[in-house]
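Dear colleague,

Please find below the structure that I am handing over to you. My notes on it follow directly after.

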Amino acid sequence: MHSPLPALALLFNAFVWGLSWWPFRQMQGAGLHPLWATALMYCAILVAMLALRPGVLAQLRAHPGLWLLALSSGLNNVAFNWAITIGDVVRVILLFYLMPAWAVLLAWRILGERPTAQALARLLMAFCGVLLVLWPAEGGVRRLFAALTLADMLALLGGFMFALTNVTVRRLHAVPGQARMFAMFGGCMLLALLAASLGRSVGLVTAFPPPDATWITVAALLSLLLMAGNWALQFGAARLAAGTTAVVMLSEVVFASGSSVLLGASRLTAGTLAGGALILLAATWSAWRPRARG
């Protein structure tokens, strides 16, 4: 019998990210903006990685392509963490999971993988789902763009950057895993610091607060959970087929949606449910591969 541990590890990672909106909102309530929180937590993770793997800096210098990975991963985390803190959690998660549709376009442009008819059909299905999620009650294209919130735009950006991160990881498959991981975490810290500083200058981000037991404790615990979740992702993804991994990771939508609705951080509408069904169906379809006969 196959061990259930890889699938359970992926479920744990999805659980951590699916519920991450709650500690980010707790930290914001204690005065720590999610961008400062992101920079602080990934700084702690990087220090721990350097202590355990000091040679990773030499690997980073040897592979300049890792800078693109740092940029895409950093923007992905900045956009997602900010969006789930200020927006409707279900809406943000669904818009973020447009990622498989973006991946089709990016793989075509960067990897030269021409999309099949099925891939284009999934792309159309996903974008139709997004329209349903975003479509305002009053209707109309003008109202659609007028109704877009900062959280919506951050969620879309985060999903696009997550897709770019995945495509870039495939392109850099020969680079040691610890170097890729360090570049991703480093990008998260640097981009969060940059975004927080720019946001502070235009009044979108509050100043870094004085030490407070609440946000310090939550940040420390979430840092440990993110490290454990990343390890679980590496463990599970290395032992399961890519399609299986993608389907299991969709459980993040269930964890995020269920927790946010129960705690009053989301409101389900008919458009959100219908659009979400199309987006998730497209994502599941992209992960499914028929088993070869033999």
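S20 sits in the loop that connects α1 (5-18) with α2 (21-29). This is a predicted model, and the remarks here should be read accordingly. S20 counts as buried because its relative accessibility is 1%, the limit for that class being under 20%. Leaving aside residues up to four places away in sequence, S20 touches F80 and I84.

A83 is part of helix α5, which spans residues 66-86. The relative accessible area of A83 is 0%, so A83 is buried. Its contacts, with residues up to four places away in sequence again not counted, are V92, A151, L154 and A155. A151, L154 and A155 also appear among the buried residues of α10. From A83 to L194 the C-alpha distance is 17 Å, with the two positions 111 residues apart in sequence.

Helix α10 deserves a closer description. It comprises 22 residues, 150-171, and at 1.5 Å a residue these should span 32 Å; the C-alpha atoms at its ends are 31 Å apart, which agrees. Its buried residues are A151, D152, L154, A155, G158, G159, M161, A163, L164, T165, V167 and T168. Which helices do the buried residues of α10 pack against? They pack against α5 (66-86), α6 (89-96), α7 (99-111), α8 (117-134) and α11 (177-201).

The partner helix α7 can be described in similar terms. M99, P100, A101, W102, V104, L106 and A107 are its buried residues. A103 also belongs to α7. Not counting residues up to four places away in sequence, A103 touches A163 and V167, both of which are listed as buried in α10. A103 and V89 are 14 residues apart along the chain, and their C-alpha atoms are separated by 22 Å. After α7 comes G112, which has a positive phi, near 75°.

W36 is located in helix α3, residues 34-52. Is W36 buried or exposed? With a relative accessible area of 12%, W36 is buried. Residues up to four places away in sequence aside, W36 touches L193, A196, S197, V205, T206, A207 and F208. W36 and H63 are 27 residues apart in sequence, and the distance between their C-alpha atoms is 28 Å.

Turning to the chain as a whole, there are 15 helices and zero strands. For 294 residues, a compact globule would have a radius of gyration near 19 Å, and the chain agrees with this, at 19 Å. Along the principal axes, the C-alpha atoms fill a box of roughly 50 × 50 × 40 Å. Of the 294 residues, 46% are buried. Among contacts between residues at least 6 apart in sequence, 87% join residues at least 24 apart.

As to the surface and the charges, the chain exposes about 15,000 Å², and carbon and sulfur atoms supply 70% of that area. There are 18 positive and 6 negative side chains, and the centres of these two sets lie 14 Å apart.

With kind regards

Terms used. Residues are numbered from 1 along each chain as its sequence is written. This is a predicted model: local features need pLDDT of at least 70, side-chain atom pairs count only at pLDDT 80 or more; totals for chains, interfaces and linings use all residues. Side-chain values use heavy atoms; hydrogens and water are left out. Helices (H or I, at least four residues) and strands (E, at least two) are DSSP runs, numbered from the N terminus. The radius of gyration is taken over C-alpha atoms; the globule rule is 2.2 Å times the number of residues to the power 0.38. Buried means under 20% relative accessible area, exposed over 50%, partly exposed in between (1.4 Å probe, protein chains only). Contact means heavy atoms within 4.5 Å. Accessible areas come from the Shrake-Rupley method with a 1.4 Å probe; for residues, only the protein chains shown count as cover. Lys and Arg count as positive and Asp and Glu as negative; His and the chain ends are not counted. The place of a charge is taken as NZ of Lys, CZ of Arg, CG of Asp or CD of Glu. The expected span of a helix is 1.5 Å times one less than its number of residues.
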